[in-house]
Amino acid sequence: MYGLISEKCDLALFIAEHRGEPSCRQRLKGLQQHYCAARRTCADGSCFYRGLGFAFLEYLLGKPQDLLRFRERVTHSQRELMAAGFQDDVYRHHYETFLSLVDVAAGEVMAESKATEEVTASNLLTAFNHPYISDSAVRYLRLVTSAFLRSRADFFQPFLDHVGSMEDFCTQNVEPMMAVCDHIQITAVTQALDIPLQVEYVDSKDTAITQHVFPEGSCPCIYMLYNEDHYTLLYKEGAVPPVVAAVARD
């Protein structure tokens, strides 16, 4: 059992949970060529945003300069939010919540201690499993996504299917906490905050896993699996500490 974001587990253990879905399990086994571990996210409609925020901050641990650049990006997002028409009382609290999570990571890794880094990773996981903090961070990411789309409506409008205005799309498909994340939202938030991401898509209609990198042309540093309208975090070999939960690969 886990809350909003789980501990890492061996990828083979994650795949074994799909025993009742032979075709899906077979496709998932292909992930073992590139990944060693997975981290589950709660299927509450916000799994993508929550996973994205946690995974990128986790990746930035031990990288002070990259964390500083990301903090500047987050700080700059206030201008984007205001330019899109969001009032201070709508975004301020959620912005400050997310910025505090960045500062926790950035402040503690300056000591460049492996032990401190491990403590920080544990603190991040605890924070992202605290409903109030975690949901506020998700709300910030949703507002940033909405602001990016609203400010570039002329570009993104042609990609909207059977939706009226960009404002309607954001109100219905981006800002609500239960609104699931699709290609256009991923494109927006990864560009807005400069988060290089690769998504592995497992579709029941396809015979193989397909990949997509966001923003297009970037070099991804975090990875997700998309399967049945749900996002799970993936980890490459050597990119994370040893995994505790493990099973034999079959």
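Reader: In which sense do strand 3 (residues 197-202) and strand 4 pair, and over how many bridges?

Author: Two strands count as paired if DSSP finds at least two bridges between them, and strands themselves are DSSP runs (E, at least two residues), just as helices are runs of H or I with at least four residues, both numbered from the N terminus. Here strand 3 and strand 4 pair in the antiparallel sense over 5 bridges, and within this pairing Val 199 stands opposite His 212 of strand 4. Please keep in mind that this is a predicted model, in which local features need pLDDT of at least 70 and side-chain atom pairs count only at pLDDT 80 or more, while totals for chains, interfaces and linings use all residues. Residues are numbered from 1 along each chain as its sequence is written, and side-chain values use heavy atoms, with hydrogens and water left out.

Reader: In what order do the 6 strands of the sheet stand, and which are the edge strands?

Author: The 6 strands form an open sheet in the order 1-2-6-5-3-4, with mixed pairing. At its edges stand strand 1 (5-10) and strand 4 (210-214), each of which pairs on one side only. Neighbouring strands are turned by 30° against each other on average, direction ignored.

Reader: Which strands does helix 3 lie across, and which does helix 10 touch?

Author: To read such packing, take contact as heavy atoms within 4.5 Å, and take directions from axes, which are lines fitted to C-alpha atoms (for helices over the stretch in contact), with angles from 0 to 180 degrees between N-to-C directions. Helix 3 (residues 47-60) lies across strand 1, strand 2 (35-41), strand 3, strand 5 (222-227) and strand 6 (230-236), and runs at about 20° to strand 6. Helix 10 (residues 183-193) also packs on the sheet, where it touches strand 3, strand 4 and strand 6, and its direction makes about 35° with that of strand 4.

Reader: Where does Leu 233 lie, and is this residue buried or exposed?

Author: A residue is called buried under 20% relative accessible area, exposed over 50% and partly exposed in between (1.4 Å probe, protein chains only). Leu 233 lies in strand 6 and is buried, because its relative accessible area is 1%. Leaving aside neighbours within four places in sequence, Leu 233 is in contact with several residues, among them Ala 37, Ala 38, Phe 54, Ala 55 and Tyr 223. The C-alpha atoms of Leu 233 and Tyr 223 are separated by 6.1 Å, although these residues are 10 apart along the chain. Over the whole protein chain, 50% of the 250 residues count as buried.

Reader: At what angles does helix 4 pack against helix 3 and against helix 10?

Author: Angles under 35 degrees count as roughly parallel, over 145 as roughly antiparallel, 65 to 115 as roughly perpendicular, and the rest as oblique. Helix 3 and helix 4 pack at about 140°, with axes 9 Å apart, which makes helix 3 oblique to helix 4. Phe 56, Leu 57 and Leu 60 of helix 3 make this contact with Asp 66, Leu 67 and Phe 70 of helix 4. The axes of helix 4 and helix 10 come within 9 Å and cross at roughly 115°, so these two helices are roughly perpendicular to each other. In this second contact Phe 70, Arg 73 and Val 74 of helix 4 meet Gln 191, Ala 192 and Leu 193 of helix 10.

Reader: How many salt bridges does the count come to, and which parts does the one between Arg 50 and Asp 135 tie together?

Author: A salt bridge is a side-chain nitrogen of Lys or Arg within 4 Å of a carboxyl oxygen of Asp or Glu, and by this rule the count comes to 10. In one of them, the closest N and O atoms of Arg 50 and Asp 135 are 3.0 Å apart. Arg 50 belongs to helix 3 and Asp 135 to helix 7 (residues 131-151), so the pair ties together parts 85 residues apart in sequence. Arg 50 is buried at 1% relative accessible area, whereas Asp 135 is partly exposed at 31%. Another salt bridge joins the side chains of Glu 80 and Arg 152 (2.5 Å, N to O). Salt bridges that share partners also join Lys 8, Arg 39 and Glu 58 into one network.
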